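This report introduces a protein model to a reader who has not met it before. The sequence and structure are shown first, and the text then moves from annotated regions to individual residues.

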Amino acid sequence: MDFLAATGGTLMGTVVPFLVVLTVVVFVHELGHFWVARRAGVAVSVFSIGFGPELMGRTDRKGTRWKLSAIPLGGYVRFIDDANAASQPGQKSSDPGAFQSKGLGARAAVVAAGPAANFLFAIAVLTVLFYAFGKPMIAPVAGAIEPDSPAAEAGFLPGDRILAIDGRLIESFADIQRVVMLQNGVELAIDVDRSGNRLTLHATPRSREIVDGFGEKQIVPVLGLRQINPTVELRSFGAVGAVREAVGETWSIVDSTLSSVAGMFSGRTSTTQISGPIGIARVSGQVAALGLIPLINLAAILSISIGLINLFPIPMLDGGHLAFYAVEALRGRPLPERAQEIGFGIGFAIVLGLMAFGVLNDIAKIASG
């Protein structure tokens, strides 16, 4: 009985929120491709949420098969002349609805529409949340200073309010973390308000293992500032202000993600931050337990991440197709089919490797506690 209860709790509390959020985000992404493709005169044969065998579906009056498939970890839009679900070009077709028969600009627009839809969806969701509920932020105030930490060595005191780091305005404690986590071993100029007096302190973040708000262990650069009885400040926005804040929040997530990826290549950021579906599912369940609004906010964040990742120039991803089109624009003709096949093979290996690495990270985090 205990096993059944635990299993049911895991299903409802973790798997279901994860699948709901992922399905919404994937649907938005594929709908972007579909919508622009239809307007470009491209015939779409399949619109699938998930991969593998079809569970249920229907065919619309234009011949597109809308279906839900057995493996709910993604989705795809397949054009009539695609060789597979990854939109690898198939045999040349004389059909006027063939994707490959369209001009370079139209093909690029169709491919770019998926990530664009993710970004627009996130901005729309964040705008509604900020306008309707405001934006809660934890005040960037040091509650305590950890002994022998970079902050202690720099002379921070409890009650110091961080105003800016290297000229970047700090409005919340999360802003501090976003900046610091990408600056391991780099000296930072930190502007502080101390009892009404502004002063500048210099500290160099050092990496160590921490446990984040979801109980996940991460190795990240830290200053050693701790929150004790944090003050939550609610910022309200009008319609225009909410849009502006939503765009700014979207860009901040994009900037942090790109900086984090660059940090992994340079060794400044730990690769333990890479998560797979297990880690995302766990976070989805933890966020869902906080309520519907945090879960909607997570959907916006995940939408930004999926849109950005799909723009990476890796064959199989949208960015890989756009890279091929850039080469085509420079050459005046497409890459040879053999070169594209090799590219898709390499891209598949990279994507599969990253997924496996993320899953191994997830398992290691679960095993360690």
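## Annotated regions

Over residues 40–57 the chain is 78% strand and 0% helix, and its end C-alpha atoms lie 25 Å apart. This span is one of those that UniProt, in an unreviewed entry, gives as "transmembrane region"; the record also places that feature at residues 6–28, 108–133, 287–312 and 342–360. The model discussed here is predicted.

Residues 287–312, another of the spans in the UniProt record, are 77% helix and 0% strand in the model. The C-alpha atoms at the two ends of residues 287–312 are 27 Å apart.

## Overall make-up

The protein contains nine helices and 12 strands. Of its 369 residues, 39% are buried. When contacts between residues at least 6 apart in sequence are considered, 62% of them join residues at least 24 apart.

The exposed area of the protein is about 18,900 Å², and carbon and sulfur atoms supply 65% of that area.

## A nonpolar surface patch

Which residues make the nonpolar surface patch of about 360 Å²? The patch is made by Phe133, Leu292, Ile293 and Ile296. Helix α7, which covers residues 292–309, gives the most to the patch, with three residues. Phe133 belongs to helix α2, which covers residues 104–133.

## Helix α8 and its surroundings

Helix α8 runs over residues 318–331 and has 14 residues. From its first C-alpha to its last, helix α8 reaches 20 Å, close to the 20 Å expected at 1.5 Å a residue. Buried residues in α8 are Asp318, Gly319, Gly320, His321, Phe324, Tyr325 and Glu328. Just after α8 comes Gly332, with a positive phi of about 85 degrees.

Asp318 also appears among the contacts of His33, a residue of helix α1 (residues 2–39). With residues up to four places away in sequence not counted, His33 touches Val77, Val110, Val111, Ala113, Gly114, Pro115 and Asp318. His33 counts as buried because its relative accessibility is 8%, where the cut-off for buried is under 20%.

## Salt bridges between distant parts of the chain

Side chains of opposite charge can pair when their charged atoms come close. The whole structure holds 14 salt bridges. In one of them, Lys135 pairs with Glu245, and the closest N and O atoms are 2.9 Å apart. Lys135 lies in strand β3 (residues 135–138) and Glu245 in helix α5 (residues 239–266), so this salt bridge ties together parts that are 110 residues apart in sequence. Lys135 is buried at 12% relative accessibility, and Glu245 is buried at 15%.

A salt bridge also joins the side chains of Arg235 and Glu171, at 3.0 Å from N to O. This pair links distant parts of the chain, 64 residues apart: Arg235 is in strand β12 (residues 232–235), whereas Glu171 is in the loop between β6 (168–169) and α4. Arg235 is partly exposed, with a relative accessible area of 28%, and Glu171 is partly exposed at 29%.

## A salt bridge within one helix, and a network

How far apart are the closest N and O atoms in the salt bridge of Arg338 with Glu341? The distance is 3.4 Å. Arg338 and Glu341 are three residues apart in helix α9 (residues 337–367), so about one helical turn separates them. In an α-helix there are 3.6 residues a turn, so residues three or four places apart point the same way. Arg338 counts as exposed, at 57% relative accessibility, while Glu341 is partly exposed, with a relative accessible area of 38%.

Elsewhere, salt bridges that share partners join Lys135, Asp175, Arg178, Glu245 and Glu249 into one network. Asp175, one of the members of this network, is located in helix α4 (residues 173–180). Asp175 is buried, with a relative accessible area of 16%. Leaving aside neighbours within four places in sequence, Asp175 is in contact with Leu169 and Ile170.

Terms used. Residues numbered from 1 in each chain as written. Predicted model: local features only at pLDDT ≥ 70, side-chain atom pairs only at ≥ 80, totals over all residues. Heavy atoms only, no water. Helix = DSSP H or I, 4+ residues; strand = E, 2+ residues; numbered from the N terminus. Buried < 20%, exposed > 50% of the residue type's maximum accessible area, 1.4 Å probe, protein only. Contact = heavy atoms within 4.5 Å. Areas by Shrake-Rupley, 256 points an atom, 1.4 Å probe, with all protein chains shown as cover. Patch = residues over 30% accessible without salt bridge, like charges linked within 9 Å, V, L, I, M, F, W, Y side chains within 5 Å. Salt bridge = Lys/Arg side-chain N within 4 Å of Asp/Glu carboxyl O. UniProt positions renumbered as here; feature names shortened; annotations may be inferred. Expected span 1.5 Å × (residues − 1).
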